Every structure is written in structure tokens, then in C-alpha cells.
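Colleague: I would like to learn how to read a structure like this one, feature by feature. Could we look at it together and begin with a small detail before moving outward?

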Amino acid sequence: MTSTAPGADGAEAPRTYDFRNLHYKGEGGALIPLLQKFQVEDGYISRERIAEIHRKTGVPLSQIYGVATFYAQFRRHPVGRNIIKVCHGTACHVANAEGISKSLKDQLGVGAGETTPDREFTVETVACLGCCSLAPVLMINKDTHGNLKPADLRKVLKPYRERKAKAGS
Amino acid sequence: MRILVGLGTCGVASGAGATYAAILAKAGPLDGGCRVEKTGCVGMCYREPLVEVREDDGTRWQYGQMTPDRVDRLLTEHIGKGEPIEEWLVWTSDGKGPETAFLDRQQRIVLRNCGVIDPEKIEEYLEAGGYQALKRVLERNDPDGLINVIIESGLRGRGGAGFPTGMKWRFTRLAPGKQKYVICNADEGDPGAFMDRSVLESDPHAVLEGMAIAGHAIGSTQGYIYVRAEYPMAIERLNIAVAQAEARGFLGDDVFGTGFAFHVELKEGAGAFVCGEETALIASIEGRRGMPRVRPPFPAVRGLWECPTNINNVETFANVPWIVLNGARAFNCLGTANSKGTKVFAMAGKIRRGGLVEVPMGISIREIVNDVCGGIKEGRKFKAVQMGGPSGGCIPAELEDTVIDYESINKTGAIMGSGGLVVLDETTCMVDVARFFLDFTHRESCGKCTFCRVGTKRMLEILVRITEGKGEERDLEKLENLASLVKNNSLCGLGQGAPNPVLTTLKYFRAEYEAHISNRKCPAHHCQALLTYTINEKCNGCQVCMRACTAGAITGEKGKPHVIDHGKCIHCDECARACRFEAITRV
């Protein structure tokens, strides 16, 4: 999700990563942005990528693994084409987020942290999406859906399923 | 005349994107020079999507629930004929509309531009007086005087702990070191809090300006914004704002031509609640696991890359330009003896009007819940408010006259926190709320301190046991004992605050815990394992519940009311979820 800053009058050149010096725009602390960059590209952090970062930067493998497993954002396994984040924040919790998760499981057959066998959907549970007044909320890719009832999920998932059908035909 | 569509995350989640597209597509042929623009969040999340019609003289008409199918009528009647549509009106700038009460009690300093300007256009921020405060402090070139103004204003850190902002700046200024840093903590991790997201999405330049002013005060040339990755829109708008400010020379090597250099860079968080703690946040920027360290030395002395570092929260920075422009006096005349100014609250839960409100310190909880937010939904009874997120606590309805200031809130056992205020009604089980927070903190504990890592886990196990109807007499005593151990033996606020939800619910709702343990009943009818499922007269014998039942506990003939065998029922809730006629009663 490392984004390029669009300039005031057009696009700026993408930020470059100086692997050798572990520098990110002249500053240290590149490990997390690097992992984020690879996750955007691959969808997850593979063993190969970790080895690659180690080879190119010299950061100990233990430290890379340490960081990659500490933060919730980094996934260690391949994910589906659509990522569903079900919010389990306070407001969503008291507005029956549990029911949303269960209904999602009914619809997709997989629970939190799992991916459907066709690699279409990955379900994740997140702490808070910051849309508390629309609770309960879930996010599919970059779209947020609020004020849900467990029965609504079939309708919410439909367009994402259709996209798959179209892509397949 | 302009049409403005509220395109914050809340708005977009409610479908404002489609409304915006519909207006753009249809407004083109209209004459009269009507422009269609984007804006941020007004705070009325409960009426999204919001569309505003703003006349050239500044009169504002706000419409709520503006789905795309309402666009045609809006354009023909209000824009075309100049006849406002009364029944859709939310409020108008001349005090009409059903929702004026929501805004009447508010005093907007932090949210001054939210929902007013287009956050992606620096021109609009400039028109609203933007970057004037930065210009003024640079022209005066008196960092000590500036720090005195901030101290005098009484501004305290809005991230939760409430440390005086000016003092923090002074410590960092006085700390020896050539390179110093300013960090904006935008890692808004408290579930139930979203005011920082809204400010970043709706008025990003105010935060940048506040940071640059802080940079001047402490003698720093580099700022970082540590923003959580769950806020893609905030990140996008911040990136745009930084690029615009650099292009205009409000950030960069020579700000306002005064020779002052200040750069801002974004750092995306990677999803760890503990990174809201300042030393953990620094570790994360440095590319390490986000684990807190012992303080002192405080970041003001030794922070990022071992250099003196000043860390403030988004809302704190957004206050700064206003204070500089309006003076310390204008700020410290608001609020109570020790808590000055205003506080933004993210209102959520079982209230009628959920959204963002900015109220002066010293207002009571009752006034916020009833007067500003319209009371509890569906006529239910107000039970408690949860304040301060996982480190905060529940304040019961009996204490609704508690006023909002740092000290009064602390006295109840909760904390001010970052400003998430989740309102709970009689259907919320307090033991379950405590369990929810412990489930959160035990997962988010970084694992450094044994008491936090293991203690929260043990507390969670007890709470789960109680909500499952397996609680034991001695459990409450054990909980209290563990709570004090975790509180006193953890390094950072996460561990020290983790027991608060348990301690406050035990303090104010002990009877509810006892009902779970002694009577095996959940008074709020929430905890599934303690419910009795019965079938009521609404049953038409459709047999859906019978098929859904995993325990074979439901019997009955087609077309006739069914019966649940309580001996066989395993409380799985499948029948209630399957039933389409509300025929399953849970007591």
C-alpha cells in the first residue's frame, strides 16, 4: 500500500528503494515499507521474499521474520482475489458483528483467516475500520459496507461473485 | 451556487460515491454556473450520504440520505427552481431542519473545516485562513514565545494521557541535540474511535500546519506522520496535501521564504495496536517490532534514531493553528479549570445520532448522549458509556452527570482516551463487553511484560468461562487480583490500562457478574449459553428451524407450532438465525 505522492501538477516519480543501504528516501527504517511493498505486489510475504530482503539488505533473517510476524498487516500465506475484512470493533461488536461473521461463514464456507478453495475470497477479522457509526461494517477490498444485517450478506457478495463469473467466461 | 458531496469514509460507505457520480453526470447541462465539489465529513454519519447546496452568499442547505435516485428531484427543484426540498433537509445555516440540535451544542475548533472545504484543494484551506498561523509564527520567529502561548492555552494531549502539549514542546526544545523530530501519531487504534481519521480525511492541511508550527517551536526540520494502514483514504489525502504544501512552499527547504526548513513524510503503520504507545511507535518507524521500552528517557530527550522527538496526536496538532491565530485566551476560556478547549468525540453504539461531535470540555455525559446525540435508539434504556477504548472503562447511567474533563473521567475509573464514546443500552451485557476488550488486549499485547502477556490471557479465560455459564464463586476475586497485578506490573499503557474495562464493570455492574455465576442467567439476554430458547405464537410451522437445529431438539408437524426440547438444546442459536418470523424467543 506504499503509495506514490501525486504532485500538485502531475505525477511524481515513484519512490525508489535503495536496497543496498537499506535506505528509503535517505532514511533508515526501510524494512516495514519494503515488506508492505512486497505484500502489495505478491499479496503476501513469501519465504523467498524474506530471503531476498536478507540477501540484498543484510538485515538478519531473524529480524525480518520478527517484524513480518509481529504486525497484523503482514500475511504469510497467499490470499484470495477479494479480501473481506469484518470489523469487530466495539461498536460493531455490540451491533452483532458476530452474526455477520457467522453469516459470512455460511455464505463462503470459510472463517476468519481462511481463503475459499477457489481462491476468490479471504476472510479476515479486524479490530476497527473507523466507521463505527455505521456498525456493523465490513470492507471488501477497498469498499466499505455499513449498517449490515446478517441476511444482507448474500446481496453484498453478489457483485464480487459476478465479477468472477465474468472473468471466467 | 455549489453542490457539495460529503466524501469521507463514512459517506463513501453509505454510497456517497454513487451520489457524487450521479450529480456530476446530470448537473452538467444545468446553467447558472453551479459547481459540483467534494468535501469531507460534517460528522453526521447517521444521515449519510450528505449533500449540501451552498449559495454564493454562504447560505447552506444540507440534505441527508441522498441516494442517487434523489438526485433528479434535487437538481430540478432546488437548483433549477430555487425551491428547497423541506422533507429531506437535515439543517440549514439559518437554523432550520430537524438536526439543528446536533450542531447547537457543538463548538468547532478542530472540526472547523470538516465538511466545509474540499480536503483535496489547498486553495480552499487557504481561503479559510490556512497557513496564516504558520506564517505568523515564522515572521515573529520567537519559538519560546510560541511555546508559552501553547502552555498558556492549556492545550493537553488529545491522544489519551492528557499531558500538557506546551510542556512537551519545551522539553524537546531544551533537549540537547542537533537533529530533532516531530511525529504525528495517527495510529488511531482504539476500536470505537474515528475522529483522527475524519480530521485527516476532511482537513489534512490543518494537521500539517500544526506539525510545521511544532517543528518551528522545537527546532526540528523533519516530521513524520505515522498513520494506520486501515485508513487508505486518509493516506491518499495526506499524500495529496503534502505534495500541494510542498509545491506552494509551505513545507520544504525554505518555508515562506524565511529559511525555515520543514519536511513531512508519511509512515504507514502495519497493524499493531501497541504502536499507539510512543516508544513502540518510534520502534516501528525505525523498522523494528513495535515494542515499548522503559521511560525515562522520554522521547523528548531520546526518541527517533536516538534524537529528541516530539510526539502529538492528530487532534492536538489540528488545535494548534487555531490557538496561534485566535490566542491562548480564546482557547482557555472554554472548558474547566484543568481541561481547556474542546474535545472531539466519536459517538457510536446504541444512540440515535452517531457521528463526530466537538463539544467544550465540562459538558456532561448526559448532555452529549441526550441533547447532542438524541438519546438511545428504539426507545431503549441508557445503560452505560464506554470511554477510552480498551484502556478505558464503562461509566454507568447513574453517573451520567459526570462532566467531561480529564480528572473527572479518571475518577470514575475510565479514562478520557482518544475520544471514542460507545453508548450501551440495556441489551448489552457488561460481562461480554469486558470479555470483548480483554480478547482485544490479550491479542494486541506485544508480549514483552509477563503480566500483560499472560495476565490478560488468564483474565480472558475467566471472563469466557463466566459468559459460558461455567463461572465459579471465586472467579470475581481472582479477576480482581489479576487485574491489580497486570495494572501494576506492566510497562506501558496497554498493559496498565487493560484491566480497566474489567475493573469498572465489576465496580458498577457487579450484580450482573453475580447473576452469570450464581443464577446462570445473563440479565441482558445476550450470552448465548445462558439463554433459554423457546418458540412463541408467531411460529407457523415452516420447519426451517427444525432443519437448522444441529442437536435435533426441535420437533413439530408441518403447519403447526414447533417445540424445543430444553434437554437437547445446545444454545447454538441456529434456529433463531434460521427463523424468518421472529418466532424464537431468547430469555
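Colleague: How many residues lie between β8(B) and β9(B) in the hairpin they form, and which residue in the turn has a positive phi?

Modeller: Before I answer, please keep in mind that this is a predicted model. The hairpin of β8(B) and β9(B) has 4 residues between its strands, and in that turn Phe256(B) has a positive phi of about 55°. The two strands run antiparallel and are joined by 2 bridges, and across the pair Gly252(B) stands opposite Phe262(B) of β9(B).

Colleague: In which order do the strands of the sheet lie, and is the sheet open or closed?

Modeller: The sheet is open, with 5 strands of chain B in the order β8-β9-β7-β6-β10, and the pairing is mixed. Its edges are formed by β8 (252-255) and β10 (309-313) of chain B, each of which pairs on one side only. Taken on average, and with direction ignored, neighbouring strands are turned by 25° against each other.

Colleague: Which strands pair in the parallel sense, and over how many bridges?

Modeller: One such pair is β7(B) with β9(B), over 6 bridges, where Val227(B) has Glu268(B) of β9(B) as its bridge partner. Another is β6(B), residues 181-186, with β10(B), over 5 bridges, and there Val182(B) is partnered by Asn310(B) of β10(B).

Colleague: Which strands of the sheet does α11(B) touch?

Modeller: Helix α11(B) packs on the sheet and touches β7 (222-227), β8 and β9 (260-268) of chain B, while its direction makes about 160° with that of β9(B).

Colleague: How should I read two helices that pack together, and at what angle do α16(B) and α17(B) pack?

Modeller: Two packed helices are described by the angle between their axes and by the distance between those axes. Here α16(B) and α17(B), the latter covering residues 450-467, pack at an angle of about 150° with their axes 9 Å apart, and they are therefore roughly antiparallel to each other. Their crossing is left-handed. Among the residues that make the contact are Val431(B), Ala434(B) and Leu438(B) of α16(B), together with Met459(B), Leu460(B) and Leu463(B) of α17(B). By class, this contact has 8 nonpolar, 4 polar and 4 charged residues.

Colleague: At roughly what angle do the axes of α7(B) and α13(B) cross?

Modeller: The axes of α7(B), residues 143-153, and α13(B), residues 314-332, cross at roughly 35° and come within 8 Å, and the crossing is left-handed. On the side of α7(B), Val149(B), Ile150(B), Glu152(B) and Ser153(B) take part, and they meet Ile323(B), Val324(B), Ala328(B), Phe331(B) and Asn332(B) of α13(B). This contact has 6 nonpolar, 2 polar and 1 charged residues.

Colleague: How many residues of chain B are in contact with chain A, and which element of chain B gives the most?

Modeller: The size of an interface is often given as the accessible area lost when the parts come together, but here we can count residues. In this model, 52 residues of chain B are in contact with 42 residues of chain A. Elements of chain B that give two or more residues include α1 (9-13), α12 (278-285) and α16 (430-444), while α11(B) gives the most, with 9 residues. The side of chain B that touches chain A divides into 27 nonpolar, 15 polar and 10 charged residues.

Colleague: Finally, what separates the centres of domain 1 and domain 5 of chain B?

Modeller: Taken over C-alpha atoms, those centres are separated by 47 Å; the domain assignment places domain 1 at 2-95 and domain 5 at 531-586.

Key:
Residues are numbered from 1 along each chain as its sequence is written. Chains are lettered from A and ligands numbered from 1 in the order in which they are written. This is a predicted model: local features need pLDDT of at least 70, side-chain atom pairs count only at pLDDT 80 or more; totals for chains, interfaces and linings use all residues. Two residues are in contact if their C-beta atoms, placed from the backbone, lie within 7 Å. Ala, Val, Leu, Ile, Met, Phe, Trp, Tyr, Cys and Pro count as nonpolar, Asp, Glu, Lys and Arg as charged, and the others, Gly among them, as polar. Axes are lines fitted to C-alpha atoms, for helices over the stretch in contact, and angles run from 0 to 180 degrees between N-to-C directions. Angles under 35 degrees count as roughly parallel, over 145 as roughly antiparallel, 65 to 115 as roughly perpendicular and the rest as oblique. A crossing is left-handed if the near helix is turned anticlockwise from the far one by less than a right angle, and right-handed if clockwise. Two strands pair if DSSP finds at least two bridges between them. Domain bounds come from an automatic or database domain assignment.
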